[in-house]
Amino acid sequence: MGRRKRGLPVHGWVCLDKPLEMGSTQAVSRVRRLFDAQKAGHAGTLDPLASGILPIALGEATKTVPFMQDARKTYRFVIEWGASTTTQDREGEVVARSGVRPAPEQVATALTTFVGDIDQVPPVFSAVKVDGARAYDLARDGQTVELKSRPVTIHQASVTAVPDLDHVEITVLTGKGVYIRSLARDLASALGAEGHVSLLRRERVGPFSLENAVGLEFLEDLVHRGAASEGLLPITTALDDIPDLAVTDEDAFRLRQGRSIVLLPRQIEAIQARLSAGSQTVSAVQGNEPVALCSLKAGRLEPDRVFNLQT
């Protein structure tokens, strides 16, 4: 007899507005305990000194986390001019100072050179692995860390506020893998200035945004009132870009058993018209309930990840 899983079979997404001074792992643990969920995971690490959107998957929603890896993200951040730090944010030690204060027009012009496909070197204080160790652990031990550049994409970037001469606020829309601290570092260098990130807030990750976000205190209040489900978004929230296909009870049964189903030509044609370039992933649904994530192959749907939502 298998071991009984600890916790409750809670399934769905929490779009958490993560507070400052809390790590992503700590935030996931807090949410998991609040819901007493059996499983939990997150889509996109957010540094303790950053606030904003941290999508947290509970239960079967964890099977959709990989589909958030390529999601576009919106960040709003502030560069404080005058000093560069070891970590490129306000946590690090100052390593260089400058009296240069770039004008907003100069910042806006320089930003255009970072829009598009670029090569970016991650910060030394980052979770990138070097010979099996995290770069930030090596850096904290005083070791010299050399990281290779990697291709990333910045879709949009603009100056959105200028609080004073010492600060500039920038908003960017990025692809995966972009480090905002590296962008601030490279932008300051391009302007002949020194600067670091003094504020960082993530405002969107794919379909998860400030509009559907909840805070920890709000979640705690829902749980205490016995209304925790009101803080959950559907599993399918993360599958916005994946076409769905309504299946019959019989086909749903087959897919849940790990068996493929045959599609009609009109179904294949309708699905192919909605597939993203290079993707063959389809979400099979029964009513409002997801059944399985499938691959479209030779006129058949083959289940890759089956959702175990039956009670």
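This briefing walks through the charged pairs, the cysteines, the nonpolar cores and one proline of the structure above. Please keep in mind that the model is predicted. Two things are a good place to start: the structure holds 15 salt bridges, and its largest nonpolar core has 26 residues. Helix α4 gives the most to that core, with five residues.

**Charged pairs**

- Side chains of opposite charge can pair when their charged atoms come close.
- One such pair is D17 and R201, whose side chains meet in a salt bridge with N and O 2.8 Å apart. This pair ties together distant parts of the chain, since D17 sits in strand β1 (residues 12-18) and R201 in strand β12 (residues 195-205), 184 residues apart.
- The two partners differ in their surroundings: D17 is partly exposed, with a relative accessible area of 23%, whereas R201 is buried, at 17%.
- D244 and R274 form another salt bridge, with their closest N and O atoms 3.5 Å apart. Here too distant parts of the chain are linked: D244 belongs to strand β14 (residues 244-246), while R274 lies in the loop between α7 (265-272) and β16 (281-286), 30 residues away.
- D244 is partly exposed, at 40% relative accessible area, and R274 also counts as partly exposed, at 41%.
- K39, E60 and K63 are joined into one network by salt bridges that share partners.
- Within that trio, K63 pairs with E60, and their closest N and O atoms are 2.7 Å apart. E60 counts as buried, at 5% relative accessibility.

**Cysteines**

- A disulfide is a covalent bond between the sulfur atoms of two cysteines.
- A search of the whole structure turns up zero disulfides.
- C15 is buried, with a relative accessible area of 1%, and C294 is buried as well, at 0%.

**Helix α4 and the largest core**

- Helix α4 spans residues 180-190, and its buried residues are I180, R181, S182, L183, A184, L187 and A188.
- What covers these buried residues? The cover includes β4 (73-81), α2 (104-111), β7 (116-120), β10 (150-164), β11 (167-174) and β12.
- Just after α4 comes G192, which takes a positive phi of about 65°.
- In the 26-residue core, the residues with the most contacts inside it are F77, I79, W81, V107, I170, I180 and L187. Each of β4, α2, β10, β11, α4 and β12 supplies at least two residues of this core.
- V107 shows how parts of the chain come together: setting aside neighbours within four places in sequence, V107 is in contact with W81, P102, V159, V168, I170, L187 and L191.

**A separate core**

- Apart from the largest core lies another one, of 19 residues, including V10, M22, A37 and A228.

**A proline in a loop**

- P207 is found in the loop between β12 and β13 (208-209).
- Is P207 buried or exposed? P207 is buried, because its relative accessible area is 19% and buried means under 20%.
- Not counting residues up to four places away in sequence, P207 touches M68, N212, T237, A238 and D240.
- P207 and G52 are 155 residues apart along the chain, and their C-alpha atoms are separated by 14 Å.

Key: Residues are numbered from 1 along each chain as its sequence is written. This is a predicted model: local features need pLDDT of at least 70, side-chain atom pairs count only at pLDDT 80 or more; totals for chains, interfaces and linings use all residues. Side-chain values use heavy atoms; hydrogens and water are left out. A salt bridge is a side-chain nitrogen of Lys or Arg within 4 Å of a carboxyl oxygen of Asp or Glu. Helices (H or I, at least four residues) and strands (E, at least two) are DSSP runs, numbered from the N terminus. Buried means under 20% relative accessible area, exposed over 50%, partly exposed in between (1.4 Å probe, protein chains only). A disulfide is a pair of cysteine sulfur atoms within 2.5 Å. Contact means heavy atoms within 4.5 Å. A nonpolar core is a set of buried Ala, Val, Leu, Ile, Met, Phe, Trp, Tyr and Cys residues joined through side-chain atoms within 4.5 Å.
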